[in-house]
Structures are given as C-alpha cells and as structure tokens.
Amino acid sequence: MQTLRRIFALAVKELLAILKDKQSRFVLIAPPIAQLMIFGYAATYDLNNIPVAIYNEDHSTISRDLVAKITGSPHFQLVSDIDNDGQISSLIDEKKVLMVLHLGQHFSADLKRGHTAKVQVIIDGRNSNTALLTLGYLRSIITEFNLNWSRQNGLPDPPASLQIRSWFNKNLLSRWFVVPGIIGLITLVITTIVTALSVAREREAGTFDQLLITPLRPIEILLGKSVPGILIGLTEGSLILLVAIYWFDIPLRGSLGALYLGMFLFLLSATGVGLMISSLAVTQQQGILGAFLFLVPSVILSGFATPIANMPEFVQLLTHINPLRYFLIILRGVFLEGDSYSLLFNQYWPMAIIALLTLTAAGWLFRHRMN
Amino acid sequence: MNLIAASRMRVIGMIRKESLQILRDPSSIAIAFILPVILLLLFGYGVSLDAKHVRLATVVEQPDSNSASLIGSFQQSEYFVPVAFNSIQEAEQALKAHKVDGIVWLRNNFSRRLLSQGNSPIGVFVNGVDANQARITEGYILGVWQNWLSTYARDQGQDLHIPVILEQRIWFNTAVNSRYFLVPGLIAVIMTLIGAMLTSMVVAREWERGTMEALMVTPIHIREITIGKLVPYFILGMGGMFLSVAMAVWLFDVPLRGSFWALTGASALFMMVSLGMGLLISIVAKSQFVAGQVSIIVTFLPAFILSGFIFQISSMPEAIQFITHIIPARYFVAILQTLFLAGDIWPIVLSNSAALLIMMFVFLGLARRKSRKRLD
C-alpha cells in the first residue's frame with residue numbers, strides 16, 4: 001500500500017515535470033499527430049505520375065494506341081514527345097523524366113507481319129527500387145496489350161498463363177503496410193525521449209540525490225519513472241491508432257486486445273531502454289545522444305521500410321534484440337492478417353524478456369552510478 | 001583601438017573556448033566521428049530493397065515433365081528458394097504462418113490444358129502485407145514465367161509468338177543494386193542528424209547552466225558568439241562527412257562518378273544548413289529537453305521519409321511535395337545520388353545547391369534575429 005502510494009506520487013511528479021512546461025507539452029502532442037498525417041501520405045512506394053518521354057518513330061495507329069495505353073495509366077504522365085536520340089540523355093540526366101520509351105520505325109510493320117516488335121525503354125536507375133517498379137508497371141501494360149493483340153488477330157494463346165493474387169492486401173497498397181508501422185515508430189520515439197532524459201535532468205538539476213535520500217526504494221523510483229513514459233506512449237499510440245483506422249482507412253482485421261497487449265509490452269521495453277540510457281547519462285546531452293543511438297538503428301533495422309529478410313544473416317540476428325521488430329509484426333499482423341493472441345505469442349515473449357532485462361539493468365544502474 | 005582586430009580576437013577566443021569544451025566532453029567527438037561510422041556500417045549492410053531468396057511454396061498436383069521444367073525454372077532463378085508442398089492447404093498454412101512468401105500452384109489438369117487448349121492457369125499467391133516486396137516478387141515470377149514459355153516453345157519445336165517485347169536499359173545502375181542509391185541517401189540522413197545534434201544543445205546548455213549570463217557581461221557580440229560556436233562544429237562535421245564518403249567508396253563500392261570538389265562544396269553547404277538549423281533550435285528552445293526533443297522530431301524522421309531517400313517525392317500528394325521543399329536533406333539527397341551515380345550533372349547540382357544556400361541564410365538569419373543579448 002505504502003509502496004503503491006509512493007510510486008503514484010513519484011509518477012504524478014514526473015508527469016507534472018513533463019507537462020507543466022508549455023513548450024515541452026507542445027512537443028509531446030503536436031508533432032506526433034502532424035508526423036502521422038504527413039508521413040502517412042508521404043511514405044509510399046506506390047508510384048504515380050512517373051514523368052515519361054516518348055520517342056515514337058512509327059507514326060501508325062497501333063503505336064499511338066500503345067502509347068496512349070501507357071500515358072493514360074495513372075502511373076505514368078507524358079512530359080515530352082521527342083524526335084531524336086540526342087534528347088534522351090539530357091532529359092534523364094537532369095531528372096526531367098524517369099523513363100524514355102522508344103518505338104522504332106518498323107514497330108507496326110513488324111507487328112503486322114507477325115514478327116516480334118521491340119520497344120526500347122530507358123530508365124533512370126539512380127533509385128533502383130523506383131526503376132524496378134516502373135519496369136513492372138510497364139510490363140503489365142505490355143502483357144495486356146499482347147494478349148489483346150493476339151486475340152484480335154486470331155493468334156493462339158500462350159500455353160500457360162499466370163493468375164496472380166495477393167493475400168491480405170489485394171491491391172498492394174503500400175500505405176496499408178506503412179501506416180501501421182508509423183504507429184510503432186512514433187510511440188517509440190516519444191517514449192524513449194520522455195524516459196531517456198528523466199534521470200539525467202534530475203542529475204543536472206541536483207535533485208536526483210534528494211530523490212535517493214527519500215524513503216523511496218530504488219525499485220519504487222524505477223516504477224515511478226516508468227509509469228509516465230508508458231502512459232504517454234499508450235495515449236499517443238491510441239490517438240494514432242484512431243487516425244490510422246478512421247482517417248487512413250486501414251482495415252483492422254484482428255483483435256484489438258492482442259494489439260494492446262503488444263503495445264504495452266513494447267512500451268515497457270522501450271521504457272526500460274530509455275531509463276537505462278538515462279541512468280548511464282551524466283548530462284542531458286548524453287541522454288539525447290544515447291536516445292539517438294538507440295532510436296536510429298531501431299528504426300532502420302526494424303523492417304519498417306526495408307525488409308529484414310533482405311539483410312545479411314548477421315544483421316538479421318541483431319534485429320532480434322530490437323523491440324520495434326516484434327511490435328511491427330504485431331501491428332501488421334493484427335491490422336492486415338487478422339491475427340490474434342496465439343499467432344503472436346512468438347512476438348510477445350521476446351519483448352517481455354527485453355523489458356525485464358532493461359528495467360533490471362536500469363534499476364541496478366540507479367544505485368551504482370552515483371558519481 | 002583597432003575594432004576589427006579586437007573582434008577577431010574575441011571570435012578566436014570563443015572558438016578556443018568551444019573547442020576546449022568539445023575536447024573535454026568527448027560526446028561531441030563521438031557524435032562527429034564514431035556515430036557516422038557505426039550508422040553507415042549498420043545501414044550499409046542492413047538496408048537493402050533487393051528481394052533475394054524469396055521462399056516459394058510449390059504445389060504440383062500431378063508431377064510430369066512439363067511441371068518439372070516449370071518448377072525447375074524457379075529453382076534455377078537466383079531470386080527464389082522453392083519448397084515443395086503436397087497440397088495447396090498445407091502451402092496456404094505455411095503462407096499464413098510466414099514460413100513462405102508465396103505459392104506457385106499447378107493443378108492436376110495443368111499439363112492437359114497446356115497441350116490442348118493453351119492458357120493453362122498457373123496459380124500464384126503472394127503475401128501482400130509488404131506491398132513493395134510483393135510487387136517486386138511478382139515481377140520476378142513474371143520473368144521466370146516468360147523465360148519458361150520461350151524454352152517450352154523451343155522444346156516443342158513451336159514458334160512462340162510474342163507481339164511486343166521490352167528491351168530495357170537501366171542507366172547509372174545496370175545491376176539494379178539498391179545499395180547504390182541507399183548508401184548516398186544514408187549519408188544525407190546521417191549528416192542531418194549529426195549537424196543538428198552537434199549544435200542543437202550548445203546554446204540551450206549555456207542558458208540552463210547560467211553561463212549565458214556570464215558571456216553577456218563580456219564585450220562579445222552575439223554575432224561573434226554564433227561564429228565562435230559554428231566554426232569548431234563545422235570542422236567536426238566535415239570530418240565525419242569525409243569519413244562517410246570514404247566508407248561509401250571503399251567499403252561499399254559505390255561508384256563516385258562526379259568530381260570530389262563538387263561533392264565537397266555541396267557537403268560544406270549542407271553542413272552549414274544543418275548546423276544553422278541546430279543552432280536555431282537551441283536558441284529558441286532554451287531547455288535541453290525541448291531542444292533535444294525538437295531536433296529529433298525535425299531531423300531524423302523527415303530526413304528519412306520526406307527527403308526522397310527511399311520514397312519517391314514525385315509520387316507524394318501535392319501538399320506533401322510542397323512540405324518536402326523545407327527539408328534540407330531533400331536537396332542533399334538529390335545532389336549525392338546524382339554525384340555518386342550519374343556524375344557532374346550541373347543543372348541538378350547547382351539548382352539544389354542554390355536551394356541549400358537560401359536555406360543556410362534563412363536559418364542563420366533567423367538564429368541571428370532570435371538571439372538577443374538580453375535576459376528575459
């Protein structure tokens with residue numbers, strides 16, 4: 001009872017310390033919402049309005065028809081028609097267009113005589129992912145054109161054809177993949193910052209020594225300092241969750257309880273890391289540096305933007321100590337794949353262990369890092 | 001007394017004081033040199049968008065020579081690791097449990113339809129949660145299918161008629177290696193962090209410790225304080241920058257096709273912009289908590305998401321594209337990706353450098369206006 005009252009008192013004091021200042025209140029509330037809105041729209045791999053130049057030497061209806069199919073697609077936008085080879089390199093070099101399509105003089109003649117007609121495509125490879133996606137969009141237009149052409153001209157169908165279906169995300173919208181990830185990203189940043197500076201701030205102000213001579217035991221200090229981080233994280237997480245569901249229309253197919261269990265464990269482990277950084281740091285600058293050193297690799301090696309499966313073995317192994325890795329799987333599993341508790345068990349327990357280890361380490365450091 | 005000489009003396013004194021402070025608290029040196037090395041190592045090896053070894057479940061309901069040759073094409077492809085399953089139900093379970101990333105399903109009438117009416121369906125399912133990887137995987141599957149079709153036609157002594165084929169050429173990065181664009185982009189992200197982190201807390205710290213008051217009673221001008229604080233951090237930041245470029249070229253084998261001097265010039269400009277941004281934050285914030293918070297919020301995630309480093313800016317909604325113009329990393333990413341992969345394309349280098357120059361004046365000007373030798 002006594003313990004609970006002490007923890008409660010410390011938690012209230014911590015929350016007040018963070019929220020009483022207008023500036024720090026503002027940085028906790030406004031930026032996360034603004035970031036979600038901006039990043040939710042910005043972070044997409046889907047391409048539209050790819051600037052294209054067409055170099056059509058074959059002025060027939062067929063070639064114009066094919067060109068119209070390409071420029072009419074929402075993925076492409078015609079920027080310029082060119083009439084000689086020399087223009088290609090400056091257009092691509094200066095990023096005026098991402099792709100140049102070249103149809104030679106004999107395009108329609110070849111097609112009509114039953115020969116294979118060639119279309120040359122030149123793509124800016126400075127961003128290789130964009131280049132591959134562009135090629136993919138173009139390929140599907142050409143494949144459809146081929147099928148129609150064969151049918152119209154009584155040519156035989158290919159012996160076998162692909163019927164591709166994608167699960168969980170039928171139209172392959174990358175927003176469905178990215179927005180749930182942003183929930184993890186922003187709660188991680190907020191919780192780490194709140195906790196990483198909490199001890200360092202008291203150290204610099206000299207109040208940490210005062211805290212140590214109060215009847216509060218180290219474990220109570222630890223818990224009292226964890227509560228605000230988790231509370232703020234849960235509040236912001238819920239707010240962002242609402243925006244993801246009601247504003248971005250991301251389908252929530254699984255159990256909300258399973259998601260919150262994941263969020264709680266995740267925040268617990270983030271708090272543990274934050275407090276560990278905080279008790280190691282002598283100054284707030286070191287606290288911020290520590291938070292950065294934890295946050296940046298956590299985000300990049302979490303599978304948020306680039307898949308973990310593409311990393312080398314050693315780095316993949318390293319991602320297992322990253323709490324965000326597990327939380328992202330939970331978020332995407334619950335949102336898109338309709339997962340519930342049992343399927344996510346393997347994501348829960350590693351976070352619980354990380355939380356236990358980091359909180360214990362933080363508690364130990366509280367006592368043993370007096371100077 | 002010679003006023004200019006006095007001013008120069010004060011600036012030099014200030015630079016000395018800041019340099020000593022940096023040397024005494026090694027965390028600044030760690031930020032400038034150790035941080036970029038660790039980050040670049042981790043990310044250079046860790047960040048890749050090239051899907052390799054996609055685990056593919058194969059279900060063949062009636063094995064024969066035709067199905068064997070099709071499945072064989074998947075086995076030969078460097079992108080796939082096929083795993084055979086006995087039934088589609090088992091394969092679907094594996095897809096749900098994330099044991100495989102996709103399924104290729106040949107039903108029992110596959111060969112019969114192949115030989116009789118054609119258009120025999122090959123069922124393909126991919127896990128679409130990661131839409132980008134799913135699209136790339138589909139592209140690879142399409143490639144395998146097309147190759148197999150032409151091999152099959154040749155073996156049958158038939159002429160496979162494809163009306164139109166694409167002859168693709170991907171400039172600047174023929175091997176389509178994603179590391180070539182990710183590493184230069186990472187340098188921009190990392191230098192944004194470092195520049196802002198180095199300076200964001202230096203003024204806030206003086207306020208919190210009360211040493212700002214001590215500085216105020218000296219005859220030093222606010223302009224001289226600013227210069228004195230910027231110079232040592234600029235030198236540190238540029239050191240980190242050169243280290244990153246060296247690693248990109250010699251460790252990650254990213255070709256540097258542009259000139260070294262263009263790279264140095266653009267980097268110096270960018271470094272001034274991010275130091276200016278950090279300085280502005282630290283002047284406005286006045287407490288280290290707020291300064292640290294703000295510098296994380298306005299640097300790392302925007303540089304990561306809004307700079308064009310991974311996500312294509314031209315595909316974002318208009319309003320968001322507009323916002324990207326105030327992210328300095330956007331211009332630096334464009335310069336770096338061009339200088340590394342394409343060479344000295346002056347229209348791109350100069351226009352983006354001009355934008356950086358404007359931002360530098362804006363940030364330093366604002367920092368100058370906001371800082372007053374006054375106690376509020």
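Visitor: How many residues does each chain bring to the contact between chain A and chain B?

Guide: The size of an interface is often expressed as the accessible area lost when the parts come together. Here a count of residues serves instead. In this predicted model, the contact takes 95 residues from chain A and 92 residues from chain B.

Visitor: Which element gives the most to the side of chain B that touches chain A?

Guide: Helix 6 of chain B (residues 131-155) gives the most, with 13 residues. Sorted by class, the side of chain B that touches chain A holds 59 nonpolar, 25 polar and eight charged residues.

Visitor: How should strand pairing be read, and which strands pair across the two chains?

Guide: Strands of a sheet pair through backbone hydrogen bonds, in either a parallel or an antiparallel sense. In this case strand 5 of chain A (residues 160-167) runs parallel to strand 4 of chain B (residues 120-127), and eight bridges join them. Within strand 4 of chain B, Val124(B) is the residue opposite Ile164(A).

Visitor: What is the strand order of the sheet that contains strand 5 of chain A?

Guide: The order is 5(A)-4(B)-3(B)-1(B)-2(B), an open sheet of five strands with mixed pairing. Strand 5 of chain A and strand 2 of chain B (80-85) stand at the edges; each has a single partner strand, so one side of each is left without a neighbour in the sheet. From one strand to the next, the twist averages 25°.

Visitor: Which helices of chain B lie across this sheet?

Guide: Two may be cited. Helix 3 of chain B (residues 65-76) lies across strand 1 (54-60), strand 2 and strand 3 (102-106) of chain B, at about 175° to strand 1 of chain B. Helix 4 of chain B (residues 88-96) lies across strand 5 of chain A together with strands 1, 2, 3 and 4 of chain B, and runs at about 165° to strand 1 of chain B.

Visitor: What is the order of the sheet that contains strand 5 of chain B?

Guide: Its five strands form an open sheet in the order 2(A)-1(A)-3(A)-4(A)-5(B), with mixed pairing. The edges are strand 2 of chain A (76-81) and strand 5 of chain B (164-171), each with a single partner strand, so one side of each has no neighbour in the sheet. Strand 1 of chain A (residues 50-56) pairs with strand 2 of chain A in the parallel sense over five bridges, and Ile50(A) has Phe76(A) as its bridge partner in strand 2 of chain A.

Visitor: How far apart are the domain centres within each chain?

Guide: Chain A is assigned domain 1 (2-43 + 173-368) and domain 2 (50-152), whose C-alpha centres are separated by 48 Å. Chain B is assigned domain 1 (3-47 + 177-370) and domain 2 (54-155), with C-alpha centres 49 Å apart.

Visitor: Is Val273(B) buried or exposed?

Guide: The general idea is to count neighbours: 20 or more other C-beta atoms within 10 Å make a residue buried. Val273(B) has 27 such atoms, and is therefore buried. Val273(B) belongs to helix 11 of chain B and touches Pro328(B), Leu356(B), Met359(B), Met360(B) and Phe363(B), leaving aside residues up to four places away in sequence.

Visitor: Which residues of helix 15 of chain B are buried?

Guide: Among them are Leu356(B), Met359(B), Met360(B) and Phe363(B). The cover over the buried residues of helix 15 of chain B includes helix 10 (222-251), helix 11 (260-285) and helix 14 (328-342) of chain B. Helix 15 of chain B itself, residues 346-370, reaches 35 Å from its first C-alpha to its last, close to the 36 Å expected.

Notes. Residues are numbered from 1 along each chain as its sequence is written. Chains are lettered from A and ligands numbered from 1 in the order in which they are written. This is a predicted model: local features need pLDDT of at least 70, side-chain atom pairs count only at pLDDT 80 or more; totals for chains, interfaces and linings use all residues. Two residues are in contact if their C-beta atoms, placed from the backbone, lie within 7 Å. Helices (H or I, at least four residues) and strands (E, at least two) are DSSP runs, numbered from the N terminus. Ala, Val, Leu, Ile, Met, Phe, Trp, Tyr, Cys and Pro count as nonpolar, Asp, Glu, Lys and Arg as charged, and the others, Gly among them, as polar. Two strands pair if DSSP finds at least two bridges between them. Domain bounds come from an automatic or database domain assignment. The expected span of a helix is 1.5 Å times one less than its number of residues. A residue is buried if 20 or more other C-beta atoms lie within 10 Å of its own, exposed if 12 or fewer, and partly exposed in between; C-beta atoms are placed from the backbone. Axes are lines fitted to C-alpha atoms, for helices over the stretch in contact, and angles run from 0 to 180 degrees between N-to-C directions.
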